[in-house]
Amino acid sequence: MGSLRRIPREALGPILLASLLIIMAALLAPPPRPGIAPASAVYAPDAPERPLVPGAATPTAMPLSGEYTSGGELDIVSAEGLFPASEKDALAADIGQALAYVSQRFGSGPTGRISAYIGLEPSCGIHGIAYTVERSVQVFTCPSLPRARAVNIIAHEFVHQLAQDRYGDRHLQADLILLEGVATWGAGDYWLGGEPSFAAFVRPWAAAGSTLPLATSYVGRPIGDMNTLYYEWASFVEFLIKTYGRERFDALYVSGHSEPGSADYLGVYGKRLDQLEAEWRDWVLR
Ligand SMILES: [Zn+2]
């Protein structure tokens, strides 16, 4: 587990839980087709959900063995035989491009090298995880899935690393709404399926009254709820930054205690979360 031992146990569950991604098969299939990203696109019933209950045993990072490529700030390792040799350069270029994109969108880049590991998931239930203390992002996929799907997930995982690099160890106790919201928002086009914004993405749900309360934990909930929450949280982050500015968002981010809704919304914005949530809903529907 290496440096994971340095993280308080109570923080590990939420961080790793929050980093496990469920992938949206239809949504993330390239190329995005504007206007063809119905709400149902985020539901991928075949994708296994692997959240960890906080406090439960945490997964161990996969050893970085396989085929190695070094590119700029990245060490890219893919499992032996996962990608044809002819794709290796394109894979490295795609991953490097994803890091550059999310760094620009997030507003700050990495403070050190990051390893990006692409491992084999025999069931093809593609998912990712970020070990931000170890500076390792990992995604597990299979040869029958296009590499773009793995890159989409890596983009989200990279933002978790950038959050650790920007906010320091307070990142490890971030409010789950903001932790996953910022990573999904930061992944931008990699998750938007051609929609222009996360507000546009969640608008049909808000209009139909089918959104979940923001301060909802996805532990034990269906996979569709987890996907819905990721997009709602991304839109909420987008709303906070656009409406109140980045400086206050940064102050909010470092005030959390892991649980969804635990950040100091009242102290930073002078408004409770439920008040901000009502503003966000109106903003989405404008
Ligand atoms: Zn995540």
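At 10% relative accessibility, Q164 counts as buried, because the cut-off for that word is under 20% relative accessible area. The structure is a predicted model, and Q164 is a convenient place to enter it. This residue is found in helix α4. Its side chain makes a polar contact with the side chain of T132, at 2.9 Å.

The helix that holds Q164 can be examined as a whole. Helix α4 covers residues 147–167. Of its 21 residues, 18 are buried, so α4 is largely enclosed by the rest of the structure. Its length can be checked with simple arithmetic. At 1.5 Å a residue, a helix of 21 residues should span 30 Å, and the end C-alpha atoms of α4 are indeed 30 Å apart. Just after the helix comes G168, with a positive phi of about 75 degrees.

Helix α4 also takes part in a metal site. Which residues coordinate the zinc ion? They are H156 and H160, each through NE2, and E180, which is listed twice through OE, with distances of 2.0 to 2.8 Å. Along the chain these donors follow the spacing H-x3-H-x19-E. H156 lies in α4, while E180 belongs to helix α5 (residues 176–187), so the pair ties together parts that are 24 residues apart in sequence. The first part of the spacing, H-x3-H, can be read with a general rule in mind. An α-helix has 3.6 residues a turn, so residues three or four places apart point the same way. H156 and E180 are both buried.

Why is the arrangement around the zinc ion called irregular? The four donor atoms subtend angles of 50 to 139 degrees at the ion, which makes the arrangement irregular. To count as tetrahedral, four donors would need all angles to lie between 85 and 135 degrees.

From the helices we turn to the strands. Strand β4 takes in residues 127–131, and five of its five residues are buried. A general pattern helps in reading such a strand. In a regular strand the side chains alternate between the two faces of the sheet. In β4, H127, I129 and Y131 point one way, whereas G128 and A130 point the other way. All of these residues are buried. I129 has a relative accessible area of 4%, so this residue counts as buried. Computed along the sequence, I129 and Y117 are twelve residues apart; in space, their C-alpha atoms are 10.0 Å apart.

What does β4 pair with? Its partner is strand β5 (residues 136–141), and the two run in the antiparallel sense over five bridges. One of the matched pairs is Y131 with S136, its bridge partner in β5. The two strands form a hairpin with four residues between them, where R135 takes a positive phi near 60 degrees.

Strand β5 is covered as well, with six of its six residues buried. S136, Q138 and F140 lie on one side, and V137, V139 and T141 lie on the other. β5 also pairs with β3: six bridges join these strands, which run parallel. Within that pairing, G119 has F140 of β5 as its bridge partner. Strand β5 thus has an antiparallel pairing with β4 and a parallel pairing with β3.

The loops beside these strands carry a covalent link. How many disulfides are there? The count comes to one. This disulfide joins C124 to C142, with the sulfur atoms 1.9 Å apart. C124 lies in the loop between β3 (114–120) and β4, and C142 in the loop between β5 and α4, so the pair ties together parts that are 18 residues apart in sequence. The link is right-handed, with 105 degrees about the S-S bond. Its two ends can be compared by their exposure. C124 is partly exposed, with a relative accessible area of 28%, whereas C142 counts as buried at 3% relative accessibility.

The last element to look at is helix α7, which covers residues 198–208. Its buried residues include F198, A199, A200, F201, V202, W205 and A206. S197 caps the N-terminal end of this helix, with a side-chain oxygen 3.4 Å from the backbone nitrogen of A199. Just after α7, G209 takes a positive phi of about 70 degrees.

Key
Residues numbered from 1 in each chain as written. Predicted model: local features only at pLDDT ≥ 70, side-chain atom pairs only at ≥ 80, totals over all residues. Heavy atoms only, no water. Donors = N, O, S within 2.8 Å, 3.2 Å for Na, K, Ca; no water. Tetrahedral: all angles 85-135°; square planar, octahedral: opposite > 155°, others 65-115°. Buried < 20%, exposed > 50% of the residue type's maximum accessible area, 1.4 Å probe, protein only. Pairing = 2+ DSSP bridges. Disulfide = S-S within 2.5 Å. Expected span 1.5 Å × (residues − 1). Polar contact = N/O pair within 3.5 Å; in protein donor to acceptor, adjacent residues only side chain to side chain.
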